[in-house]
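The exercises below are to be worked through with the sequence and the 3D structure in view. Each task is followed by a solution that proceeds step by step.

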Amino acid sequence: MRNDPVVVIGLGRFGTALALELTRRGTEVLAIDNRPKVVQALSGQITQIAAADSTDLESLNQLGVPDFYRAVVAIGSDLEASILTTSLLVDMEIDDIWAKAVSRQHGQILSRIGAHHVVLPEHDMGERVAHLVSGRMLDYMQVDAGFALAKTRPPKDYVGVRLGTSGMRKKFGVTVVAVKSPGEEFTYATAETELTYGDVILVSGRTEDVERFAELP
Ligand code: ADP
């Protein structure tokens, strides 16, 4: 199922990157955009690509869109087109509909009309970058509402201490998932792992716990 063909509608920066990455990973893609120039520029790089208006039911039917299991609506700025396209896919009973939103309100509408997953790439990236510019985190990912994974360095109090005896989980509610020593690759952390200066660690936990831990000197 994971490798089923995917329809990608809207080939702006987001949709194009998505369609090309899916193709690179061996997934068949039907890409649709109503700008012939965009379609022309990408032809040959994506399995199947068509110039069509995705708010037109007839065009979607002709392209065989109702036969797909999975679709991504990557239209952002044209709200009307985004909403109409998503609702047509919902009417077609596509099983797995992903839709890009440009604001929370837009996302709420898309969920309400039946999109199964809503992504807010600019909003999410803004939040992520905020964590990177304002703290010591090297990377940050909000895994789920209220749960995060951060790449950071061990606070000085935890250097030279075995994770099993550190009390870190009890005190901060976070778990070190993996450790990377200088010049080595990431390995899973165990109770026996002892952090050293220069290590990079992956820490998971509730967002505020991860944030608090990553602020430690
Ligand atoms: P990004 O921010 O990722 O560049 P945009 O919202 O600017 O995304 O781009 C959306 C893309 O969707 C554009 O390439 C546009 O031509 C396409 N698009 C907009 N409306 C329709 C429509 N009704 N049918 C098909 N493609 C559309």
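**Exercise 1.** In this predicted model, determine which residues Ile-9 touches, leaving aside residues up to four places away in sequence, and place Ile-9 within the nonpolar core.

*Solution.* Begin with the contacts, for which the C-beta atoms, placed from the backbone, must lie within 7 Å: by this criterion Ile-9 touches Ile-32, Ser-54, Ala-71, Val-72, Val-73, Ala-74, Ile-75 and Thr-85. Next, turn to the largest nonpolar core, which has 31 residues, and in which Ile-9 is, together with Val-7, Val-8, Ala-71 and Val-72, among the members that touch the most other members. Finally, assign the core to secondary structure: strands E1 (6-9), E2, E4 (70-73) and E5 (96-100), as well as helices H1 and H4 (79-91), each supply at least two of its residues.

**Exercise 2.** Which residues are among those of the other core that lies apart from this one?

*Solution.* The other core consists of 19 residues, including Ala-150, Phe-172, Ala-189 and Ile-201. As a separate step, consult the annotation: an unreviewed UniProt entry lists residues 135-217 as "domain: RCK C-terminal". In the model, the end C-alpha atoms of that span lie 10 Å apart, and the span is 20% helix and 33% strand.

**Exercise 3.** Describe the shell around the ligand by residue, by class and by element.

*Solution.* Of the 20 residues that surround the ligand, the closest are Gly-10, Gly-12, Phe-14, Gly-76 and Ala-81. Sorted by class, the shell has seven nonpolar, eight polar and five charged residues. Helix H1 (13-24) and strand E2 (29-33) each supply at least two residues, and H1 gives the largest share, three residues.

Technical notes. Residues are numbered from 1 along each chain as its sequence is written. This is a predicted model: local features need pLDDT of at least 70, side-chain atom pairs count only at pLDDT 80 or more; totals for chains, interfaces and linings use all residues. UniProt positions are given in the numbering used here, feature names are shortened, and annotations may be inferred rather than shown by experiment. Helices (H or I, at least four residues) and strands (E, at least two) are DSSP runs, numbered from the N terminus. A residue is near a molecule or strand if its C-beta atom, placed from the backbone, lies within 6 Å of it. Ala, Val, Leu, Ile, Met, Phe, Trp, Tyr, Cys and Pro count as nonpolar, Asp, Glu, Lys and Arg as charged, and the others, Gly among them, as polar. A nonpolar core is a set of buried Ala, Val, Leu, Ile, Met, Phe, Trp, Tyr and Cys residues joined through C-beta atoms within 7 Å. A residue is buried if 20 or more other C-beta atoms lie within 10 Å of its own, exposed if 12 or fewer, and partly exposed in between; C-beta atoms are placed from the backbone. Two residues are in contact if their C-beta atoms, placed from the backbone, lie within 7 Å.
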